[in-house]
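Here are a few exercises on helix packing and the nonpolar core, each with a worked solution. Have the structure open and follow along.

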Amino acid sequence: MAATLHPARTIRRRATAIARRERNWGLIFLAPWIVGFLVFFLGPMIASLVFSFTNLVLVRPEETRFVGLDNWRRIFSDPLVLRSLAVTVRFLLISVPLSLALPLLLAVMLNSNHLAGKPIFRTLFYMPMMIPGVAGALIWLGVLNTQSGWINLFLHAVGIPAPDWFNDPNWVVPALTLVGLWGIGNTMLIMLAGLQNVPTELYDAAKVDGAGAVRSFFVITIPLISPVIFYNLVLSVIGAFQYFLTAYVIYNGLAGPGDSALFYMYNLYREAFVYYNMGYAATLAWGMFVVALMVTIGLFATARRWVYYAGGDA
């Protein structure tokens, strides 16, 4: 019996040694990411949480003291916070539905067997993603120029009153949404990948049952790519809360006419790097983190009702 068990013990020891060696090599390869996460992400997050309970001012660090929840109370009474949050939510409600619907429409078009030159169109739709955000904002300053922008020239040519995109407070958020739709190529490719994973047999069966293209789209396509839609929805919502760069470049660091471009992140940036109120800015950052976290949790809660996976509901 001992003779027969000895090879089994040897095999187990070798397997354990191999598993330990593979785990160690895995940790070695993960070490750069782990160090980077601890130094550049977790460390600053913990530091900002500590700063949120102080009155830290960057130009007078020696005066820093613990203020408890004063910064958090200030958030709820600061009119700029409420105004910037309202601008951000308005942008979210306009941009997120469009940033999902338009890429899905383009993906459906590129997934069609009747469209010639699909690789060319995929490249063209994705190309704006390769342009840096600052350069893209400057390009759109010309495109939406009130006097010489080609969109306004076209609207004038067909007899439609052209809006003053970046100077009319009512049009600032729609204009920035239009600028953001220029970079939907990445979302479109993800949607296209989801569409290409839908079994064609389901469409054939629906056609036999008399379902048209529109009904098949809503009954088959949408449910089967709902995980992809949900993924892009979460990213779009988080991105809308973090919106900052394009508006900052277009308005040259200002808040736009009537504070119509005063996004939450711009207000945070101004508190931190214009007024140097780093303690209050850290509180604003954590406030946005809490809001985004709550919205994301809410989205995951609703996902159980409309997101479907191969193994069942979400």
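**Exercise 1.** In this predicted model, find how helix 13 and helix 14 are oriented relative to each other.

*Solution.* Start with the geometry: the axes of helix 13 (residues 264–273) and helix 14 lie 7 Å apart, at an angle of about 160°. Angles over 145 degrees count as roughly antiparallel, so helix 13 is roughly antiparallel to helix 14. The handedness of this crossing is left-handed. Next, list the partners: residues of helix 13 including Tyr264, Leu268 and Phe273 meet residues of helix 14, among them Ala281, Leu284 and Met288. Sorted by class, this contact has 11 nonpolar, two polar and one charged residues.

**Exercise 2.** Work out the same description for helix 11 and helix 14.

*Solution.* The axes of helix 11 (residues 226–241) and helix 14 (residues 278–306) come within 10 Å and cross at roughly 165°. Helix 11 is therefore roughly antiparallel to helix 14. This crossing is right-handed. On the helix 11 side, Ile229, Phe230 and Leu233 are among the contact residues, and on the helix 14 side, Val291, Val295 and Leu299 are among them. The class count for this contact is 15 nonpolar, two polar and no charged residues.

**Exercise 3.** Which residues have the most contacts inside the largest nonpolar core?

*Solution.* The core has 58 residues, and Leu144, Phe166, Leu176 and Phe263 have the most contacts inside it. Helix 3 (residues 79–110) supplies the largest share, 10 residues. Now zoom in on Leu176: leaving out residues up to four places away in sequence, Leu176 touches Phe91, Phe166, Tyr243, Thr246, Ala247, Ile250 and Phe263.

Note on methods. Residues numbered from 1 in each chain as written. Predicted model: local features only at pLDDT ≥ 70, side-chain atom pairs only at ≥ 80, totals over all residues. Heavy atoms only, no water. Core = buried A, V, L, I, M, F, W, Y, C linked by side-chain atoms within 4.5 Å. Buried < 20%, exposed > 50% of the residue type's maximum accessible area, 1.4 Å probe, protein only. Helix = DSSP H or I, 4+ residues; strand = E, 2+ residues; numbered from the N terminus. Contact = heavy atoms within 4.5 Å. Axes fitted to C-alpha atoms, helices over the stretch in contact; angles between N-to-C directions. Parallel < 35°, antiparallel > 145°, perpendicular 65-115°, else oblique. Left-handed = near helix turned anticlockwise from the far one by under 90°. Nonpolar A, V, L, I, M, F, W, Y, C, P; charged D, E, K, R; others polar.
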